[in-house]
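Student: I would like to go through this model term by term. Each time, show me the cut-off first and then the conclusion.

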Amino acid sequence: MNFFRGVMGGQQAGAQPSGVETIQKLCDRVASSTLLEDRRDAVRALKSLSKKYRLEVGTQAMDHLIRILQTDSSDSEILGYALDTLYNIICNDEEEEQGIYIGLISKVWTQRYLSISLSEDAQRRQEDDIGAQFTERFIQEPENVTLLLTMLEEFDFHVRWPGVKLLTALLKCQCAQVQGIILVSPMGVSRLMDLLADSREVIRNDGLLLLQQLTKGNAAIQKIVAFENAFERLLDIITEEGTSDGGIVVEDCLLLLLNLLKNNSSNQNFFKEGSYIQRMKPWFEVGDDNSGWSAQKVTNLHLMLQLVRVMVSPVNSPGATASCQKAMFQCGLLQQLCTILMATGVPADILTETINTVSEVIRGSQVNQDYFASVNAPSNPPRPAIVVLLMSMVNERQPFVLRCAVLYCFQCFLYKNQKGQGEIVATLLPSTIDANSISAGQLLCGGLFSADSLSNWCAAVALGHALQDNLTQKEQLLRVQLATSLGKPPVSLLQQCTNILSQGDKISRRGSKVQTRVGLLMLLCTWMSNCPIAVTHFLHNQENVPFLTAQISENLGEDERLVQGLCALLLGICIYYNDNSLENYTKEKLKQLIEKRIGKENFVEKLGFITKHELYSRAAQKPQPTFSTPEHMLFDHEFTKLVKELEGIITKAVHKSSEEEKKEEEVKKTLEQHDSIVTQYKELIREQDAHINELKEQVALLTSQKDQMQNTMTQQLSQIQQHKDQYNILKLKLGKDSGQSDSGQVNGLQLEELTLLREELEELRKQHTLMNTQLAEKDTLIASLKAEGVHSDDGSAAAAENTELLKELESLRMQVQTQAAEISQLQRDRQELQNRTEATTAVSGESADRVQVSELENRLSAQTAETHRLQEEVRTLSESRAAMEKELAAATSTETILQTEKSKLQQEVAESKKEQDDLLMLLADQDQKILSLKQKLKDLGETFEDEDDLDAQDQFEEDGDEEEEDDE
């Protein structure tokens, strides 16, 4: 202990030792000290120095600390100090807090302090690099991580908590490497999952942070964690903490759930099959008063909505997404989300995320889309939710992200929903317009022709989705007429779009000048693709084609090149889907016009500029429109698919000559004729198959009726035979009794009985005749049906098929008869066996069997009871044996410790005896030297007082003093 007093500040003079020297001395003490207390004090001192001298302690003491973890595992206190020191080396909390503080203050500082914040960032990066280097050094030996996992099984708080923090820090610095070590470690992930069951909230919460780092980007670990019942535990914690009203723990659980489910189809399927989607519904129950939401509640609900979106994301497989959408509708989750959507007082970011979530829950699901169409907003009068959302989309005062979310919701509502598309287009048709209410079509037209360029683009894209892959609605939309101004005739919607497109920059708009034209061109391209009637209406206006060629041929700026590419795409659609109904604008004439005015190579170059645009590539990645600014909102995801499909087709169509087109048309006509012939044959074959199936059913019905008739006839024949037998018996009786005396009465009675029997016999004969007649009629009907089945078809193929069917029918009848014979034979065999069994049973006696069975049952019950008793005794003995083994192990370990201490004490006693013997030898030597020196002094004549003489003199003086005192 004197060593530590000197090191920690007990020196009174001289220069104080530096931090490096102190750390070096402490490391030497840890390495060389044999006493556990000394090592523990040295490690405690290193822990106190590790925050200030992070680099020095990590460089010099890391190996010693790892050795402490390996050798002193029985002492929890020194393990806790060592783990805390390693944590401070790898992850400096002071630096993290300082970085957070600097990050917060830097938002307020002015420009002159930016250089300071940048230097602090550089320093923080340097600290992170130091932590990464120490982490790499720690995990060079995978056994160190395995040792750390083993220590997490220790229940002691001072060991388990620092171990959790240290492993979390290691994962933050070198995530992939540590994940690999844990993955191959036996029961590594299972040990970490036990942290969630710890009753101490600090360890459980830090365990959540540890699992967050562990599951980042590793699908294998994610699956193991999921199958370790992680979903059940996390959902239980969320419920215990208060769901969306909970604190930071709920946020950590939700982040871990997102790690487990995102881009992991196996875990998503496990989550769905475990009925965990149903447990998410209570999360979204909001009250009427939604004012004053805390920041934590907003964060929690935002993560919960993201969790729902992960399950129904468009990037998932269609089958998995559809099953999750179905489950969410059946459990009422979609209805709960729609309630939040229409509620008042919900924060803007939560409302935006809710709209995005509802969008993906209904996307491509007809049932969910129908339900969403029926949702009404709580207004007076009630309005459909779609109308209310579209009002927000075309309102330029609404936030940009909210407008994007509404557009995405509308797109998802119309995705693969021809019924919804028809309902939206129907609100634009003259016969369905209601002047007293606002419809979705009116809002789209209002946004399409407003002065806000973003509203123009959103309305054009939304209307394009109402026409996506729906030829009927494209043709219906041509009927829409718009009243532009008083006194002027109405114009079609198609013509109005082209008029606004041709006016270009003449109309003053708020926002991007290019955005409106791009939106209108995308709408026209979507509208006219695969719709020759729309192409004809477009070409019917003499100004449209010259406008397009002029736009494509001009040399404009970078922004206008995109407009030129879309104009080229629209003109290419007019060529490819042209039905040549207009003489001035046939396919050939339009291609000649391109060659003269633009040039084929220039046209293809302008067309290819669309796919080379940066925003095109960004929009093609995912269906949701996510843009940083309104100016970047130029392309729609579905439109990028259309461009990719049409670009090559249009290029080929422009380069083809008229002869090639004629050949292609001839080939198309031939194929169409061939297809029509094949279709006719298919229809004929279907009809014949249906007719044959009907005949088969009739034959089967008649066969069953015939079998019933035959059974009835057989029964009646047997009855007739019985009556005949009775008649013969009576006849014999009459012959015997003819000679008796009372013959008159008997003969009279017999005559009456004979009369009755004859009547019954006649009746039975009539029934038999009737049955034979009906059977003959049925046979005639079957024969006629067979003839009809043979001659009903003109072709030889059908007749052959009917003949084959009849053969099959006959073979089936033969099989049935054979099986009936086999069944009867089996019944006879069964009857014989029953007779034999009864005879055997009669001989042996039923009573003896019953007695024997009862005795066997009693013996069996007794043996069963004895077996249970023995099993209980074995179980009790096993438990006692296990307890005794545990006590024996504890006693053995205690004995080992005591033996070790005993050997140490014996060694110390031996050393003490040896030191005493050495001291006695020294004293004896000194006494000899003193005696020899005294003798020499006496020989030399020196006088001196010996110690014994001095003692005697002192004793004499003391005695004299006592006598004087007595005299006095």
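Student: Which residues line the second largest cavity?

Tutor: Its lining consists of Arg363, Tyr408, Gln411, Cys412, Tyr415, His465, Pro623, Asp636, His637 and Glu638. First, the ground rules. This is a predicted model, in which local features need pLDDT of at least 70 and side-chain atom pairs count only at pLDDT 80 or more, while totals for chains, interfaces and linings use all residues. Residues are numbered from 1 along each chain as its sequence is written, and side-chain values use heavy atoms, with hydrogens and water left out.

Student: What makes a space a cavity, and a residue part of its lining?

Tutor: On a 1 Å grid over the protein atoms alone, a cavity is a set of points where a 1.4 Å probe fits but cannot get out. Lining residues have an atom within 4 Å of a point. Asp636 is on the list, so it has such an atom.

Student: What is the volume of the second largest cavity, and how is a volume defined?

Tutor: It is about 70 Å³. Grid points are joined across faces, edges and corners, and the volume is the space filled by probe spheres set on the points.

Student: How does that lining divide by class?

Tutor: There are 4 nonpolar, 3 polar and 3 charged residues. Ala, Val, Leu, Ile, Met, Phe, Trp, Tyr, Cys and Pro count as nonpolar; Asp, Glu, Lys and Arg count as charged; the others, Gly among them, are polar. Pro623 is in the lining, and Pro is on the nonpolar list.

Student: Which helix gives the most to this lining?

Tutor: Helix 22 does, with 3 residues. Helix 22 and helix 35 each supply at least two. Helices here are DSSP runs of H or I with at least four residues, strands are E runs of at least two, and both are numbered from the N terminus. By that count the chain has 40 helices and 4 strands.

Student: How many cavities does the search find, and what lines the largest?

Tutor: The search finds 5 cavities of 30 Å³ or more. The largest has a volume of about 100 Å³. Its lining has 13 residues; Val461, Gly464, Thr526, Asp636 and Phe639 lie nearest its centre. Helix 25 (453-466), helix 28 and helix 35 (637-655) each give two or more residues to that lining. The classes are 6 nonpolar, 5 polar and 2 charged.

Student: Why is helix 30 described as largely enclosed?

Tutor: Buried means under 20% relative accessible area, exposed means over 50%, and partly exposed is in between (1.4 Å probe, protein chains only). In helix 30 (residues 544-553), 7 of the 10 residues are buried, so the rest of the structure largely encloses it. Among them are Phe547, Leu548 and Ile552. The cover includes helix 28 (513-528) and helix 31 (558-576).

Student: Why does helix 18 earn the same description?

Tutor: Helix 18 (residues 333-342) has 8 of its 10 residues buried, so it too is largely enclosed. Leu333, Gln336, Leu337 and Ile340 are among the buried ones. They pack with the others against helix 16 (295-311), strand 1 and further helices, including helix 20 (366-374).

Student: What does Phe284 touch?

Tutor: Contact means heavy atoms within 4.5 Å. Leaving out residues up to four places away in sequence, Phe284 touches Leu301, Met304, Leu305, Val308, Leu333, Gln336, Leu337 and Ile340.

Student: What makes a nonpolar core, and how many residues has the largest?

Tutor: A core is a set of buried Ala, Val, Leu, Ile, Met, Phe, Trp, Tyr and Cys residues joined through side-chain atoms within 4.5 Å. The largest has 208 residues, and Phe284 is one of those with the most contacts inside it, along with Leu167, Leu192, Phe372 and Leu569. Helix 22 (residues 400-414) gives the most to this core, with 12 residues.

Student: Is Met187 buried or exposed?

Tutor: Met187 is at 55% relative accessibility, so it counts as exposed. It sits in the loop between helix 10 (175-184) and helix 11 (188-193). Its phi is positive, about 60°, although it is not a glycine.

Student: Is Asp469 buried or exposed?

Tutor: At 66%, Asp469 counts as exposed. Asp469 has a positive phi of about 55° and is not a glycine. Its loop runs between helix 25 and helix 26 (471-477).

Student: What makes the peptide bond from Asn380 to Pro381 cis?

Tutor: Its omega is near 0°. Pro381 lies in the loop between strand 1 (376-377) and strand 2 (383-384).

Note on methods:
On a 1 Å grid over the protein atoms alone, a cavity is a set of points where a 1.4 Å probe fits but cannot get out, and a pocket is an open set with protein on both sides within 12 Å along at least five of seven lines; lining residues have an atom within 4 Å of a point.
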